Structure formats: C-alpha cells, structure tokens
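Reader: Please take me through the contacts in this model, one question at a time. Keep the answers short.

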There are 2 protein chains.
Amino acid sequence: MADGRQTMYRKVAADLRQAIADGAYGSGGRLPAEGELATRYGVSRGTVRQALAVLRADGLVTSRRGTRRVVLGTARVQSFGELLSFTRWARSIGEEPGGRVVEIIRSPADEVEREQLRLEPDAEVYRVLRVRTLSGVPVMVERTVYPEHIGALVEALDPHAVSHTVPLQEQGVLFTDAHHTIDLALADADDARLLGCLVGDPLLRERRRTTDPAGSPVEWSQDRYLPGTVAFTVHNSTAVTSLSRRTGI
Amino acid sequence: MADGRQTMYRKVAADLRQAIADGAYGSGGRLPAEGELATRYGVSRGTVRQALAVLRADGLVTSRRGTRRVVLGTARVQSFGELLSFTRWARSIGEEPGGRVVEIIRSPADEVEREQLRLEPDAEVYRVLRVRTLSGVPVMVERTVYPEHIGALVEALDPHAVSHTVPLQEQGVLFTDAHHTIDLALADADDARLLGCLVGDPLLRERRRTTDPAGSPVEWSQDRYLPGTVAFTVHNSTAVTSLSRRTGI
DNA sequence: TTGTTCGAGTTGTACAGCCAACCCTGGCTA
DNA sequence: TAGCCAGGGTTGGCTGTACAACTCGAACAA
C-alpha cells in the first residue's frame, strides 16, 4: 500500500476491488449502479465515481454512458510501491529478494545525467551498480544514478541491504511519479559477470526516471533483467493513456 | 484524436497541454492555481480539476496538496489510437507504414484463445499473420486472433491494406481498453523469414488483449519487434497505476 | 417476422460550496 | 543566529444538484 491514508473513496475502491477479486460480480458481469453503491456505502455519487475511476485506471472495469459498468478482469493489480521497488515486488509474489552493491562511485554528472536529473552544470552524482536476486539467483542488474543529497543517504546504507527504496522512504525521500522506457539491451561484460550469462545475450531493459511530489527527479535507473524472469504489463484505455510507443532509443 | 467530443474539460486540457508543450510555464515551472484557471476559462473549479486529472495521468504535471502543480515534462504523449494502431503510430512519427498479410486461417479456437477472447467451447477464430514495415523495411511480425464476427471483416480487407484497425473502426468495431504484456521472445522460423533475422535472435514482444466499450474482447495479438525499432514508454504515479511487473510467462 | 418508437435506467459533464490538510513564507522569539 | 509560529494560499475530499447523452429492452406497428 503505497498510500494508506483512509479516505472514503479509497475504502469504497478497496471494497469493490475485493468484491471483484472474489468474483462477486463475475468476469464480464455488471456492477451495481453508481447511485446504488452510493446509498450502500453511505456516500455521495461523486465519491463513488472517484472510487470507480481508480478501478477503471487499473483496468478492472469498463465504463460508458448509458449502461452499467462491466467487470473486465479480476487480475490483481500491483500498487505503485510494488512496481517501484524490486524488493516489494518480489515479496508480493512470494519470492525472497536479495541484493548486493557491486560499486558506488561519486563523480561529476555527465550531460545525459544532468538532463535526466535536472542538475546544475557542476553537480555531482552517485552511481550505484547492484545485482538483484530472487531466492539467491541473480536475475537483474541495476544501475542507478542519484543526485548528490540522495546518493549520500544510499552510500550510508548496508551494501547487503535488501532494499534501498524502503529505507530511503523512511528517511523522507518520496517517490510519486515514474516514467519508464522498456526495450531490449545486450549484456555487456558487467552484466554477463553478474548475471552469469554471455556477453551479447539479450536482456529486457527498463529505464526509469522517478520524481518526488515536488517534481524533482530523485533517481534515474537502468535495470536489465534476464529473459523469462519478468514481463511488464500495462493497462490503458481511451480514458487513461499512460503507455506509448517510441522509436528505438 | 481517439475521442473528439468537445467538452469543457477536454478543451481546457487540450489548451493547457499546448501551453505546456510551448513551454509557457517551463519545465519544472508552476501552473496557475485551479481557481485562477477556472476564472480564466470561465468554468468551475471541478471542471478544471477534471482537465488537470487528464494531464496528471499523462505524466505532464504533478499535484499535491498545499502547493501549485508543477510541470514534469513537455513530452508529447500519444493518444490511445496511436498506441493501438501501428499505422497511426508510424504516421505520427513521420514514417511510412506498410503491411502485408501472410496468412489468414479460420479454425476452432484452442483453450488459450477461448480464455483470452472469452468464447464458447465450439467457437471459431480467425488467425492473421502479418508483417509490418516502416518505409518498406520489415520491423514487426504481428499474430492476431479475432473472434469470428470480427475476423470475417478482416478477411474481406485488401491483403495489402496498410491498416486493419482503421477500417474496422469505420465499420463500427470500437477499441477502448487494452491490456499489454511486454517481454522478450526468440525468433522462430516465421519471424526469421519475415524479418530477415536468424532463428533464435531476440525480439521485443508485446502481447495485447483489446476490448470494446461493452468489455467484450475484440482481438488478441502478439507483436514481435526487431530490436532498436521501438521502445515502450509508460508513465505511472501513486495517483494512476496501470503498469506492473509480472513473473516471466 | 422485422423494424420503429418510447421510456426507464444509467453514466457523463458541469456547477456551487464547504472544510480539511498541507505548503510556504515572513515575522517573531529565544 | 536559529528555531518557532501564525496565517494566507493551494489542492484534496466530499456533498448535492441538474441536465445531457446514451443503452437497452419492451411495447407497438408494419
């Protein structure tokens, strides 16, 4: 739960999500009308609509004028936190996550890094190279670049700490928005050594720029997964479009 | 333009999007207050909030309590239509799309297809194998499965038709929701022959299930891209989570 | 049988208002 | 100097209302 604040619409959304997961309306079944739900939960229709917008964005229900909402699927949707943190994701699927910092370097930011992290010309950054494991098996190499003030916190962590994002969040570093680019990369010498594959082997690559509530970039990361260990799933609709296709690189 | 209906909040959203793209507020700059915008556009604050929710979902602005919204980026965001249709996407980036149907087969649906398209046990499907090109160069192999009533429409199209989704939409087949899974696949004999690569070469794979406004599946597709031709980009936030990570297959 | 019309039901859009939670700054205090 | 605090500004959450746009089945007509 990335955000546990209890508000009416969150409670309604959580309850409906549970009901859908339990199959109370069936796959392809119809939800009760907004007005129905409003009286049932003792809230206004606006609040119900707010809750339903959440489920809509998650791809759990459709919605169109004139007819009741239809259940699209009962798939469990991950929270923002589980997506951002390898550790939380691994635990959510019942795996034992691990990690080891291979290298931390502090040095002046290059042009791309300054652009991505929106830094001043003379700013320094921390570059962290890390291998991540599931049940002890290496599955991903993570190269993260942090602005100086956050990198300093990361450097102070235990190199064998399972998670970085969790302690960072405990120290007040908030992650709220992330922009991901997913494509394919070929293993370099570091990847091959850390993942136990060959140089040139294909890897699924996710590049990510994460920002805090104020819109300041807090990390710029490049993760490379061994094939078969993960797939990325996205839901989008005419109502909510957050996915797009780009030309390579 | 996936949806050209003119409503107040759409107009406001479009105008703000343009202003942001023009750099009127700068990257990292602050938007005017909701109340400000409301009086400026002559609408209520609720309508402004609706417009801003759109921009928020697209990752253009942040939003948090207590302070004005901040511009996150000025990146052009693709419409749902450009994402769904290879043709529209190609044109939007100034490339010349092409396509050729290699094979259309009609036969009983197997178990996976019945599950994905939510079909009856004895239902038949159309399987379309197609190669897609950019400026004449093959970049993607598309394997789409359609339920019978839609497949019949596809079969009637010109095998060299550049787009299938456009004529389908003209004939009243609506695409509103899509669920995507992105991972890596290895080229089989068909892929190698059509894309001009070797069997076993890595390809970026996107599997997609698209549904209509009523929630009925209209296509189940598997696209395989040559590396370097496309990357998928996603924005998500604590407010809107539509991306997730899955275990491989 | 087929097509049309009608109307009840439902969601979409928009308005207005209220208060809480939160950010930030400037002034005050120790 | 450093820290605290008050207050104005801003967004989040919620309510209530009204009407428009749309779906879908039932009744009806050809």
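Reader: How many residues does each chain bring to the contact between chain B and chain A?

Author: The model is a predicted one. Chain A brings 63 residues to the contact, and from chain B come 64 residues.

Reader: What area is buried between chain B and chain A?

Author: The size of an interface is often given as the accessible area lost when the parts come together. Carbon and sulfur atoms give 55% of the area buried between chain B and chain A, and that area is about 5900 Å².

Reader: Which side chains meet in a salt bridge at 3.1 Å, N to O?

Author: The rule finds two salt bridges across the interface of chain B and chain A. A salt bridge needs a side-chain nitrogen of Lys or Arg within 4 Å of a carboxyl oxygen of Asp or Glu. At 3.1 Å, N to O, the pair that meets in a salt bridge is D177(A) and R56(B).

Reader: How do the residues of the side of chain B that touches chain A divide into nonpolar, polar and charged?

Author: Between the two chains, 16 residue pairs are in polar contact, both residues at pLDDT 80 or more. Elements of chain B that each supply at least two residues of the side touching chain A include α3 (45-57), β4 (177-186) and β7 (230-237). The residues of that side divide into 29 nonpolar, 24 polar and eleven charged.

Reader: Which residue in β4(B) stands opposite V234(A)?

Author: Strand β7 of chain A, residues 230-237, pairs with β4(B) in the antiparallel sense, over six bridges. Opposite V234(A), in β4(B), stands H180(B).

Reader: What share of the atoms of DNA strand C that come within 4 Å of the protein is sugar and phosphate?

Author: There are 24 residues around DNA strand C, and those that come nearest are R49(A), R68(A), M8(B), S44(B) and T47(B). Of the DNA strand C atoms that come within 4 Å of the protein, the share of sugar and phosphate is 73%.

Reader: Which residue has a polar side-chain atom 2.8 Å from a base nitrogen of DNA strand C?

Author: S63(A) has a polar side-chain atom 2.8 Å from a phosphate oxygen of DNA strand C. G66(B) places a backbone N or O atom 3.4 Å from a sugar or linking oxygen of this strand. The polar side-chain atom 2.8 Å from a base nitrogen belongs to R45(A).

Reader: How many residues of the surface near DNA strand C are charged?

Author: α3 (45-57) of chain A, and α1 (8-21) and α3 of chain B, each supply at least two residues of this surface. Four residues of the surface near DNA strand C are nonpolar and nine are polar, while the charged ones number eleven.

Methods
Residues are numbered from 1 along each chain as its sequence is written. Chains are lettered from A and ligands numbered from 1 in the order in which they are written. This is a predicted model: local features need pLDDT of at least 70, side-chain atom pairs count only at pLDDT 80 or more; totals for chains, interfaces and linings use all residues. Side-chain values use heavy atoms; hydrogens and water are left out. Contact means heavy atoms within 4.5 Å. Buried area is the accessible area (1.4 Å probe) that two parts lose on being put together, summed over both. A polar contact is a pair of N or O atoms within 3.5 Å; within protein, one must be able to donate a hydrogen and the other to accept it, and residues adjacent in sequence count only if both atoms are side-chain atoms. Helices (H or I, at least four residues) and strands (E, at least two) are DSSP runs, numbered from the N terminus. Ala, Val, Leu, Ile, Met, Phe, Trp, Tyr, Cys and Pro count as nonpolar, Asp, Glu, Lys and Arg as charged, and the others, Gly among them, as polar. Two strands pair if DSSP finds at least two bridges between them. A residue is near a molecule or strand if one of its heavy atoms lies within 4 Å of it.
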